[in-house]
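Student: I have a model open and want to test the labels used for it. Can we go through them one by one?

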Amino acid sequence: NMGIAFGIVMISLAAIVYSLRVPVLLSLDAAVPAYILGRGLAITGCIFYGCCYGHPVSWGIYSAVAETCVFPTVILDILASCGIVIYLIVLAGKQKYAGNGTVAAMGMVLFGLLRLLVDILRDNSKWLLLLTAEGIFGIAYLVAGCLLLRAIWIRGEINEAN
């Protein structure tokens, strides 16, 4: 599952670049949008296979797996993923590509929100608070992104005071 793998990939990348003495936040600022875009485009196959379908609706797209018309969660996921990447690129440009981790943090927040939303809209058998593991990981990405934003903000305040 590429939604869950996001966290594993980012932690692994951070460990590798840290051991190579490459700036971790700069690396994550580049990797997060690339991963979100790649994942967003890769799930296009889910539309044709019919997996990852949403709740049954009369106006949705047909899912061969569900054998009915369903809410187009995959299309929403693809469009939102591309929208997140566009926003992150604009954000990086506004920051003059500072590589301070803000792009990665915002990417984690937005990707976490997207994972949570899509998980709620899917017609899965939910096991905890109406969420699957992907929704729970979405919450974790949201929290991690907020904590990273807070750390960047605090670090910025400390640097301005000095």
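Tutor: We take one helix and its aromatic contacts, with the reasons behind each label. Keep in mind that this is a predicted model.

Student: How do you know that helix H1 reaches close to its expected span?

Tutor: H1 covers residues 2-19, which is 18 residues. From first C-alpha to last it reaches 25 Å, and 26 Å is expected at 1.5 Å a residue.

Student: What makes the buried residues of H1 line one face?

Tutor: They are Gly-3, Phe-6, Gly-7, Met-10, Ala-14 and Val-17. Seen down the axis of H1, they fall within an arc of 115°, so they line one face of the helix. An α-helix has 3.6 residues a turn, so residues three or four places apart point the same way.

Student: Which residues are exposed on the other side of H1?

Tutor: Ile-8, Ile-11 and Ser-19. Exposed means over 50% relative accessible area.

Student: Why is the contact between Phe-6 and Phe-111 called an aromatic pair, and why tilted?

Tutor: Their ring centres lie 4.7 Å apart, and the cut-off is 6.5 Å, so they pair. The planes differ by 50°. Under 30 degrees would be stacked and over 60 edge-to-face, so the label is tilted.

Student: What makes this pair a link between distant parts of the chain?

Tutor: Phe-6 sits in helix H1 and Phe-111 in helix H5, 105 residues apart. Both are buried.

Student: Which residues do ring pairs link into a cluster?

Tutor: Phe-6, Tyr-35, Phe-111, Phe-137 and Tyr-141. The structure holds six aromatic pairs.

Technical notes. Residues are numbered from 1 along each chain as its sequence is written. This is a predicted model: local features need pLDDT of at least 70, side-chain atom pairs count only at pLDDT 80 or more; totals for chains, interfaces and linings use all residues. Side-chain values use heavy atoms; hydrogens and water are left out. Helices (H or I, at least four residues) and strands (E, at least two) are DSSP runs, numbered from the N terminus. The expected span of a helix is 1.5 Å times one less than its number of residues. Buried means under 20% relative accessible area, exposed over 50%, partly exposed in between (1.4 Å probe, protein chains only). The arc is that of the directions from the helix axis to the C-beta atoms.
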